[in-house]
Amino acid sequence: MAKLVPENHPALHTIAEEITPEEFQSGYLSKLVKDMRQALKSYNVDGFTAVAIAAPQIGISKRVFLIEDQSEDRDSLPSLVAVNPSIIKFSKKTHVVGEGCLSVPERYGAVKRHKNVTFKAWDETGGAYERGAGGLLAQIVQHETDHLDGILFVDRAEKLWNKNEIKDKDLKEAENE
Ligand code: ZN
C-alpha cells in the first residue's frame, strides 16, 4: 500500500514530471490516483483527517493532486482530481493563512496565499477543465501545486511553529498581519 514519504524524500523537493498520454491510457494514472486516494484516507492522526494529497507525497514525482473532503460538513470541499494542473490566474489580493501539511507533520505555519485562483487541469479520464477557486479551496490548490514544483509550505512560511508549542494567539496575530 502506498505510504506518505518523509519530509527529506527527494520527490518532495523536485519538479515533478507531467503525466504523458500513454500514462493516461495505460492504467498507470488510474493506479496512481487509487494509491493516492488510499494514502489520503488512511491518514488519521488524533482524529484529524486530510483533505488533499499530491503524488510526490507518496514518493511519485508526477504532476497529479487530488482533493477529497471526508467530513460531512455543510462547507465541505469539492472532490476533484487535477492532472498536469496549472494556475492561470492569481488574484492580486493575498492573505496570510494558517497552514499545515501531511509531509511536515510536526510543524504549522503562516503562509501568504492569493485569495482566488483560476486553474486548468485534466481529470483522471483525460477530460480537460478549468475552474475558479476561492478561500480554503484556493489555498489548497496553491499548496498542492507547490508540491508539484518541489516546494513545501515551510519554504514559504513567514512564521513557523512546532505543533506542540502552538498557541491560538500566535496564529491569530499572524493571520491578521
Ligand atoms: Zn502538503
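Two residues are taken to be in contact when heavy atoms of the two lie within 4.5 Å. The analysis that follows concerns a predicted model, in which the protein comprises five helices and 10 strands. Of the 177 residues in the protein, 44% are buried, and the exposed surface amounts to about 9600 Å², with carbon and sulfur atoms supplying 49% of it. When contacts between residues at least 6 apart in sequence are considered, 65% of them join residues that are at least 24 apart.

The zinc ion is held by three protein donors, namely the SG atom of C101 and the NE2 atoms of H143 and H147, at 2.0 to 2.3 Å from the ion. Along the chain these donor residues follow the spacing C-x41-H-x3-H. Because C101 is placed in the loop between β6 (94-99) and β7 (107-114), whereas H143 belongs to helix α3 (residues 135-148), the pair ties together parts of the protein that are 42 residues apart in sequence. With buried defined as under 20% relative accessible area, C101 falls into this class at 8% relative accessibility, and H143 likewise counts as buried, at 7%.

Helix α3 also contains Q139, a residue that counts as buried because its relative accessibility is 10%. Once neighbours within four places in sequence are set aside, Q139 is in contact with V97, G98, E99 and R113. The wider arrangement of these elements is that α3 lies across β6 and β7, and runs at about 105° to β7.

Strands β6 and β7 belong to an open sheet of three strands, ordered β6-β7-β10 and paired in the antiparallel sense. The edges of this sheet are formed by β6 and β10 (159-162), each of which has a single partner strand, so one side of each is left without a neighbour in the sheet. On average, and with direction ignored, neighbouring strands of the sheet are turned by 25° against each other. The antiparallel strands β6 and β7 are joined by six bridges, and within this region V96 stands opposite K112 of β7.

A further set of antiparallel pairings involves β5, β8 and β9. Strand β5 pairs with β8 (residues 116-122) over five bridges, K89 having T118 of β8 as its bridge partner. Strand β8 in turn pairs with β9 (residues 128-134) over seven bridges, and here the bridge partner of T118 is G132 in β9. The strands β8 and β9 form a hairpin with five residues between them, and G126, located in the turn, adopts a positive phi of about 95°.

The loop between β4 (64-67) and β5 (80-90) contains D69, which is buried, with a relative accessible area of 19%; this value may be read against the limit of under 20% used for that class. Apart from neighbours within four places in sequence, D69 is in contact with V51, S76, L77 and S79. A polar atom of the D69 side chain lies 3.0 Å from the backbone nitrogen of L77. The C-alpha atoms of D69 and T49, residues that are 20 apart along the chain, are separated by 8.6 Å.

Key
Residues numbered from 1 in each chain as written. Predicted model: local features only at pLDDT ≥ 70, side-chain atom pairs only at ≥ 80, totals over all residues. Heavy atoms only, no water. Donors = N, O, S within 2.8 Å, 3.2 Å for Na, K, Ca; no water. Helix = DSSP H or I, 4+ residues; strand = E, 2+ residues; numbered from the N terminus. Buried < 20%, exposed > 50% of the residue type's maximum accessible area, 1.4 Å probe, protein only. Pairing = 2+ DSSP bridges. Axes fitted to C-alpha atoms, helices over the stretch in contact; angles between N-to-C directions. Areas by Shrake-Rupley, 256 points an atom, 1.4 Å probe, with all protein chains shown as cover. Polar contact = N/O pair within 3.5 Å; in protein donor to acceptor, adjacent residues only side chain to side chain.
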